[in-house]
Amino acid sequence: MNISVQYFAVFREQAGRDTEDLTTSAATAGELFAEISTRHGFADSVERCKVAINDELASWTTSLSDGDVVLFFPPVAGG
Amino acid sequence: MSFEITEDAIDPVARKAELDHDSAGACATFEGWVRDHNEGEAVSALEYEAHAAIASAEGERIIGEALERFDVLEARGVHRVGYLEIGDCAVWVGVSAAHRGAAFDACRYIIDELKQRVPIWKKEHYADGPSGWINAVTGKETPDSGAPR
């Protein structure tokens, strides 16, 4: 299935890009994150990161669908 | 709209006027400022980045929770993004209530939840060199953030 991924803050810098189109067999957002973390060397654990799918916050167990836009957020640090 | 992400300077006096209410006997506000140090490092500036749409929606949700949980009349919040200098106001939260207890509690709740949940990131620029993304959990730089130290 084809997924479009967007990276923010430190993830964008580690991935060296802000978006990426890819083909994956990952069934959930968490599986896709694991796949991408390995490839780009993301150091943050999944528990402290967040994911949004099609501009809505989602959970790591959310199933992916063809054409989804998946946003990976490193640990937040507002304030 | 009770919560917003802005690129403009925050004016606390103007913001506070939004809390006016004839039944209010208390007003609690919080301002988060850019300070010149973190974890022993001299900081020269901060750069904030947000996913504006999701940050605004999550901020609205937090304000809504505060209005439900505490006996308050009005609650507002704003977070600035972009390049901020020492002393600049990065975040402002304000609450009005009939009594001070609820005002303090709601204000504290909102800022604590904002820091935990809203997709905003902070990059520190150091007086003596490069920069690093800050990790809210540890207060320190995210490992491998690419900032040579």
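Two residues count as in contact here if their C-beta atoms, placed from the backbone, lie within 7 Å. The model is a predicted one, and I will start with the two chains, then go to chain B.

By that criterion, the contact takes 21 residues from chain A and 28 residues from chain B. On the chain A side, the elements that give two or more residues are helix H1 (9-15), strand E3 (50-53) and strand E5 (69-73). H1(A) has the largest share of that side, with 4 residues. Sorted by class, the side of chain A that touches chain B has 12 nonpolar, 4 polar and 5 charged residues.

Now chain B. There is an open sheet of 4 strands in chain B, in the order E1-E5-E7-E2, and its pairing is mixed. Which strands stand at the edges? They are strand E1 (3-6) and strand E2 (26-33) of chain B; each has a single partner strand, so one side of each has no neighbour in the sheet. On average, neighbouring strands of this sheet are turned by 10 degrees against each other, direction ignored.

Next, one pair from that sheet. E5(B), residues 72-80, and E7(B), residues 89-97, run antiparallel and are joined by 7 bridges. Glu74(B), for instance, has Ser96(B) in E7(B) as its bridge partner.

Finally, the helices. Helix H2 of chain B, residues 52-69, lies across E1 and E5 of chain B and runs at about 150 degrees to E1(B). Helix H3 of chain B, residues 100-117, lies across E2, E5 and E7 of chain B, running at about 150 degrees to E7(B).

Notes
Residues numbered from 1 in each chain as written. Chains lettered and ligands numbered in written order. Predicted model: local features only at pLDDT ≥ 70, side-chain atom pairs only at ≥ 80, totals over all residues. Nonpolar A, V, L, I, M, F, W, Y, C, P; charged D, E, K, R; others polar. Pairing = 2+ DSSP bridges. Axes fitted to C-alpha atoms, helices over the stretch in contact; angles between N-to-C directions.
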